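Q: Please take a close look at one part of this protein, the interface between its domains. What does each side contribute, and what kinds of contact are found there?

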Amino acid sequence: MADQSKKRIFSGIQPSGELTLGSYMGAIKNWVDLQDEYDCLYCIVDMHAITVRQDPATLRRRSVNQLAQYIACGLDPQKNIMFIQSHVPQHAELSWILGCYTQFGELSRMTQFKAKAAQHADNITAGLFTYPVLMAADILLYQADLVPVGEDQRQHVELTRDIAQRFNSVYSDTFVLPEAFIPKVGARLMSLDDPTTKMSKSLPDGCVNLMDPPEVIMKKFKRAVTDCETAVKFDKENKAGISNLLTIYCAATGKTLAEAEAEFAGQGYGVFKPAVGEAVVELLRPIREESQRIMDDKAYLESVYQEGAERARRLAQKTLSKVQRKVGFVAAR
Ligand code: TRP
């Protein structure tokens, strides 16, 4: 793990909803491919989740289940540091300090803040506003080189770089400047009931969850929005729904677009849609079964997140101590 030749990766997902097929194909599947080549930390960012109101019991359950699902997707807790953000107090501590090196104006310009503030107009908290500072702390604490995220998080990683650069130029080199790592091949899935918006846990009907049972998955695919033609052809402009289903089918089966189009040539959507459903059912079946098995093994899960937090705290404290010294705090020990 302390292999200096490997680049370090940090990423996280909020336990604010169920993991989706979109999070699997767009993020976790890529993480699995990175685990041998990089030194990776994968975090369940529960502190980020409370920037909007959460039900406590649900948040607790989802945080632990998310860890089980990470493992079921193929992330190995020996190879990666997997932990729950709130178990590592250094995140909050560094976040406070970095907040003092972040401009109000910079945070006001964050697209996600503006969107979420509009969505939660009755509860625009300071936490929602300073969320990108906490994210910067997550990344900078571990001196991460690369941050695999979706396009929507690029702006936050850019801000992280700006904060790091500012701190480095005031106090000498302290932080590695991270880069967003947006995989070119990672499938970006769109909502099944509105193929012009991203598949997301906030649009539950158009979204397949990792833990959905087969009959639910089939129903969602049979209902998927298409168009009034009949040809199974990839055409993002004019056939967004079918193109999205083709993307999902190819990602689930490993087939190329050309192969998939040939397979369904001359067949209507009535054949194609359930075929995509079946492919997803088969892809998710082992993940769901393994998640279930791991979720039932509470002692094992606890040992994973305890150990993950210990390893993370050790790394995080190194950076935090350095930062505290540089800004002029008196050493506590
Ligand atoms: N903000 C990210 C999201 O909503 C989650 C996140 C929090 C994250 N901290 C992070 C992602 C650090 C990458 C690195 O998707």
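A: In this predicted model, the protein is divided into domain 1, made of residues 8-187 + 298-327, and domain 2, residues 211-292. Domain 1 thus consists of two stretches of the chain, 8-187 and 298-327. The C-alpha centres of the two domains are 32 Å apart.

At the interface, 9 residues of domain 1 are in contact with 12 residues of domain 2. The area buried between the two domains is about 810 Å², and carbon and sulfur atoms give 81% of that area. On the domain 1 side, Leu-21, Met-25 and Ala-72 supply 50% of the area that domain 1 buries against domain 2. No other three residues supply more of it.

As for specific polar interactions, the rule finds 0 salt bridges across the interface of domain 1 and domain 2. It also finds 0 residue pairs in polar contact there, where both residues must be at pLDDT 80 or more.

In terms of secondary structure, two helices, H1 (21-34) and H3 (56-72), each supply at least two residues of the side of domain 1 that touches domain 2. The largest share of that side, 4 residues, comes from H1. By class, the side of domain 1 that touches domain 2 has 7 nonpolar residues, 1 polar residue and 1 charged residue.

Taken together, the interface has a buried area to which carbon and sulfur atoms give 81%, a domain 1 side with 7 nonpolar residues, and 0 salt bridges by the rule.

Technical notes: Residues are numbered from 1 along each chain as its sequence is written. This is a predicted model: local features need pLDDT of at least 70, side-chain atom pairs count only at pLDDT 80 or more; totals for chains, interfaces and linings use all residues. Side-chain values use heavy atoms; hydrogens and water are left out. Domain bounds come from an automatic or database domain assignment. Contact means heavy atoms within 4.5 Å. Buried area is the accessible area (1.4 Å probe) that two parts lose on being put together, summed over both. A salt bridge is a side-chain nitrogen of Lys or Arg within 4 Å of a carboxyl oxygen of Asp or Glu. A polar contact is a pair of N or O atoms within 3.5 Å; within protein, one must be able to donate a hydrogen and the other to accept it, and residues adjacent in sequence count only if both atoms are side-chain atoms. Ala, Val, Leu, Ile, Met, Phe, Trp, Tyr, Cys and Pro count as nonpolar, Asp, Glu, Lys and Arg as charged, and the others, Gly among them, as polar.
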